[in-house]
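Q: Could you take a close look at the charged side chains here, and at how they pair or stay unpaired? I would like the cut-offs alongside, please.

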Amino acid sequence: MTGLGFGLSFITTAPIVLGLLCRNLSDLTYLDISVLLLIWMGFCTVFSGLLHHMLPRKRPVEGGAVEGGNSSDCESSVKRHRIGCLFSSATTTTTTTGSKKSGGKRDTGGNIGSVVSGGKSLEEGPSLSSMALDDGNPHDIDEDLHSRQLAVYGRETMRRLFASNVLISGMQGLGVEIAKNLVLAGVKSVTLHDEGVVELWDLSSNFIFSEKDVGKNRALASVQKLQELNNAVVVSTLTTRLTTEQLSDFQAVVFSDSNLENAIAFNDYCHNHQPPIAFIKTEVRGLFGTIFCDFGPEFTVFDVDGEEPHAGIIASISNDNPALVSCVDDERLEFQDGDLVVFSEIRGMTELNDGKPRKIISARPYSITLDEDTTNYGTYEKGGIVTQVKQPKVLRFKPLREALKEPGDFLLSDFSKFDRPPLLHLAFQALDKFNSKLGRFPVAGSEEDAQKLVTIASNINESLGDGKLEDINPKLLRHFAFGARAVLSPMAAMFGGIVGQEVMKACSGKFHPLFQFFYFDSVESLPSEPADPSNYRPLNSRYDAQISVFGSELQKKLEDAHVFVVGSGALGCEFLKNLALMGVSCNNQGKLTVTDDDVIEKSNLSRQFLFRDWNIGQAKSTVAASAAASINPRLQIEALQNRVGPETENVFDDTFWEKLSVVVNALDNINARLYVDQRCLYFQKPLLESGTLGAKCNTQMVIPHLTENYGASRDPPEKVAPMCTLHSFPHNIDHCLTWARSEFEGMLEKTPAEVNAYLSNPSEYTSAMVNAGDAQARDNLEHVLECLDKDRCETFEDCITWVRLRFEDYFFNRVKQLIFTFPEDAATSTGAPFWSAPKRFPQPLQFSTADPSHLHFVMAASLLRAETYGIPIPDWAKNPKKLAEAVDRVMVPEFQPRKDVKIVTDDKATSLSAASIDDSAVINELISKLEQCRKNLPPNFRMKPIQFEKDDDTNYHMDLIAALANMRARNYSIPEVDKLKAKLIAGRIIPAIATSTAMATGLVCLELYKVLAGGHKVEDYRNTFASLALPLFSMAEPVPPKVIKHRDMRWTVWDRWIIKDNPTLRELLQWLEEKGLNAYSISCGSCLLYNSMFPRHKERMDKKVVDLARDVAKVDLPPYRCHFDVVVACEDDEDNDIDIPQISINFR
């Protein structure tokens, strides 16, 4: 690219320079000519750099570089390999317009060209930043952009996606949703096909189109905005009639708006093609949808569920037939009968270490029985890991022609509708016949057209003979007919997510495909009361498609709604898009408020589709709101940057909450969800909750008085490794990475921050330490003193010395001390071996400059140590040879283990620092030393704390954490990980993909119709758990709230008792007595206002409760608050405790 830029700049500027030289050569001195040439060469270099950023970026793929082109000109044998394909070394690509062609070659090492970066000679070798912890990735995946997606798919699947060409035919709402998800995922190319033009009707479901696009070809109107989502994907168009031969250019084809006759013809071609082309037919018709998948006569799924292989730590193995393998009981085993497993690291019964898969014939929570005779094997001694071997699965698909007649088992989504899929299978065939006969879809609200459809369905059913349905449900078919022409935004989002994932399965072999038909309906989303047929007539508006399903009355309710969307990340972007298309809060009476305190990062762009790379660093809510308003200019939206919590109740005050129609959560943490849940409970507002984890998603509807609230049931807390395990006895890489991140934060963030706290106000800091007087205070002072005294760095060489000694301390001295204190043959107090599973006996690590990973650790740690002290980085800091020379000059003292060292082995210990009666004296001594040390510091000396940032691969944070973890793993013979895997674990990155996000939000918005329509029963609502990987869809009605009864009263968690007229304490107690409740305790916040056992509290009887809240509980009641809450503990007349609702007291 640089060469091209320099060449073009040479062509551009050479005539100018020559003209200057030749114009009056006699006037120019040698110096003048030299200066002109230097200026000219400088311009060429700058122009080259600019050109590099202006031209489309190439993304290396398996053997070829893509530069904004269609794959249609690649050799067919290359294009047709759908899984594990390798592109030839020279591929030909076309530009988006199809008019230009360019070739690109790639070297076998996986990098474009062979330029030595930085102008360094080959003898110097690669820089340390590209060795050691570099994971062998040929840099074809932008890990900053795709880190969350990589956590779901892995590199191999991503590379397969990057090599895949996909056709999408039909660019209405469903087609564009599928295309969006595939472009975000990063397939090689997406070709959009549509012969039709944009209609106003399409604006109900297509976020790409605007009213200006009406009359334009749908594919052409879509290409630019879809291309903006990911410049590495080639987005092109086809606008003429599609032929079967054109399908051979693609690995997968999707038809979202095709009649059965054409679909069968295209599917026959794809099914019989060699190799087969994955074929997907999908439709969304009002509140009904269907998907059909055919991936060929024989399709191999390499990874059925995408989960990590299950593993267990072995405790014992019997010499039996069959053999019993017992594992340690710290975690339940996840194996199943029939699983294949392999063994490693076993001592004694080494015959099992041969890597041969063995079958489990019986799996129990903490043991497995093997189909293996170990009678004559060696006797098990200790150690060993048993790991699941994931097996590929071969699926044999039927073509559409056969599957229509013999559909097999349907994939169910809602077990309350187990008889629905066969009926919908019939309904969609009837609709196709209706359309082919009359050349149109049924008219919304037309009873005549609905009856015609019912008649066609009945005739088809009668022709099925023994397979005919007993009841074709005319009422359901009537609903189907009324909305048959409409594509609704929530349905498009949901099906766009499912189909997008199926395409990626077809291209990669990752996850189990949908086999083969899926039918879905959400008729319970319709208004509970039937409307007049005139209510469904089009109004010549962008919402006409939606009106044809729900009627104009519900449309008015949507537009008038006051909605609060909490969060504008991946879920938030999808919600805002759906709400804008649905017309929610789109007139002057409505309002949509969105808040998010985060800013846009590069890693967001692979899922949060309302953002572009030029938005990085901007507020998420502001950009998302602006993008949503561009989808529907009528949207009344306000963007805020406030976190929703107790600290912002002045922003989100009582008036704000009371005006809301519904709250939509788009959050990514439990605490925020619980807070919003409590606010919705308090103000009795519906809350629509959802979340995703990789390919999984769930939705929960929280409806006042109908369902339990979000906080009513909670997942069990995550298991946390004991402190002693992390620091002395790790047995998996997660332990090593957790320890590494803790050390990173301690060394580079917490201790420098403590130093600055001390230097900013020495007397206040030392007083706080003296008052604390504990082991933690002592440790803090010791670390501060080390940073300012013996470990203080003034030069980069000092940093290298400090890091080299740290390496010795971490990976040699501490391990030497550990195995001195607990030798390999050590026993516990009960006589059992100390080093029994899951403990792993460690070995000290000898530092060597010949080991690139050791040098990389030194480099990363030295760079960051220098940053904390503000030390300039020398040019040679990343040169391995010079760095090794500097490390070799460090004098490392010999270590001798001590007998008096105490090593914590108690799993319940929360700190490694033991308290001592001498802590106070030691603290005073440390403070004295600090005071002396402070006098020798330069004026205004401060350190720079480094806050861990996982998503910047240039800051060396993850380099250091991965190096720390891998060196520790090496100590304990634990398999090491590359930097990406380390980032996922240490950075606590939540796996996320666009498809599951789209599906979750589509499902939630189907529930939103019910909430805003009103009048629905609890059985009309649906909570969902889904896994796109399996695939699995599980829908069920929400759980109703627990009802408490007392006398003739009933209440739930949704009820709140309100007492007006600013009562006294006596009046409050009397009010409760009238209900047969004897209050014995009243509290406000954490303070007790009244307790019947305290005689002095009787004196408060005639005081206003609000005054007690102010004086006793110190409650701040700002002017905008007109009430406060108290919690009352009550008994009935028989001394039984009664849980009563929260009581709100109005005092203004």
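A: Happy to; here is a walk through the salt bridges, followed by the surface patches.

This is a predicted model, so local features need pLDDT of at least 70 and side-chain atom pairs count only at pLDDT 80 or more, while totals for chains, interfaces and linings use all residues. Residues are numbered from 1 along each chain as its sequence is written, and side-chain values use heavy atoms, with hydrogens and water left out.

As a reminder, side chains of opposite charge can pair when their charged atoms come close. The search of the whole structure turns up 66 salt bridges, a salt bridge being a side-chain nitrogen of Lys or Arg within 4 Å of a carboxyl oxygen of Asp or Glu.

Let's begin inside a helix. Glu177 and Lys180 form a salt bridge whose closest N and O atoms are 2.8 Å apart. Both residues sit in helix α6 (residues 173–185), three residues apart, which means that about one helical turn separates them. Helices here are DSSP runs of H or I with at least four residues, and strands are runs of E with at least two, numbered from the N terminus. Glu177 has 0% relative accessibility and so counts as buried, and Lys180 is also buried, at 0%. The scale behind these words is simple: buried means under 20% relative accessible area, exposed means over 50%, and partly exposed lies in between (1.4 Å probe, protein chains only).

Next comes a pair that reaches across the sequence. Glu308 meets Lys981 in a salt bridge, with 3.5 Å between the closest N and O atoms. Glu308 is in the loop between β12 (299–301) and β13, and Lys981 is in helix α29, so this pair ties together parts that are 673 residues apart in sequence. Glu308 is exposed, at 55% relative accessibility, whereas Lys981 is partly exposed, with 32%.

Arg898 and Asp900 give another salt bridge, at 3.2 Å from N to O. Asp900 has a relative accessible area of 55%, so it counts as exposed. Elsewhere, salt bridges link Asp194, Glu199, Asp202, Arg218 and Arg485 into a network.

Now for charges that stay outside such pairs. Asp329, Asp330, Glu331 and Glu334 gather on the surface as a patch of negative charge. Patches are built from residues with over 30% relative accessible area and no salt bridge; like charges are joined within 9 Å, and nonpolar side chains (Val, Leu, Ile, Met, Phe, Trp, Tyr) within 5 Å. Lys and Arg count as positive and Asp and Glu as negative, with His and the chain ends not counted; each charge is placed at NZ of Lys, CZ of Arg, CG of Asp or CD of Glu. Accessible areas come from the Shrake-Rupley method with a 1.4 Å probe, and for residues only the protein chains shown count as cover. Within the negative patch, Glu334 belongs to the loop between β14 (323–327) and β15 (340–344), and Glu334 is partly exposed, with a relative accessible area of 49%.

For contrast, here is a surface patch without charges. Phe1025, Leu1030 and Leu1032 make a nonpolar surface patch of about 230 Å². Leu1032 is part of strand β28 (residues 1032–1036) and counts as partly exposed, at 35% relative accessibility.
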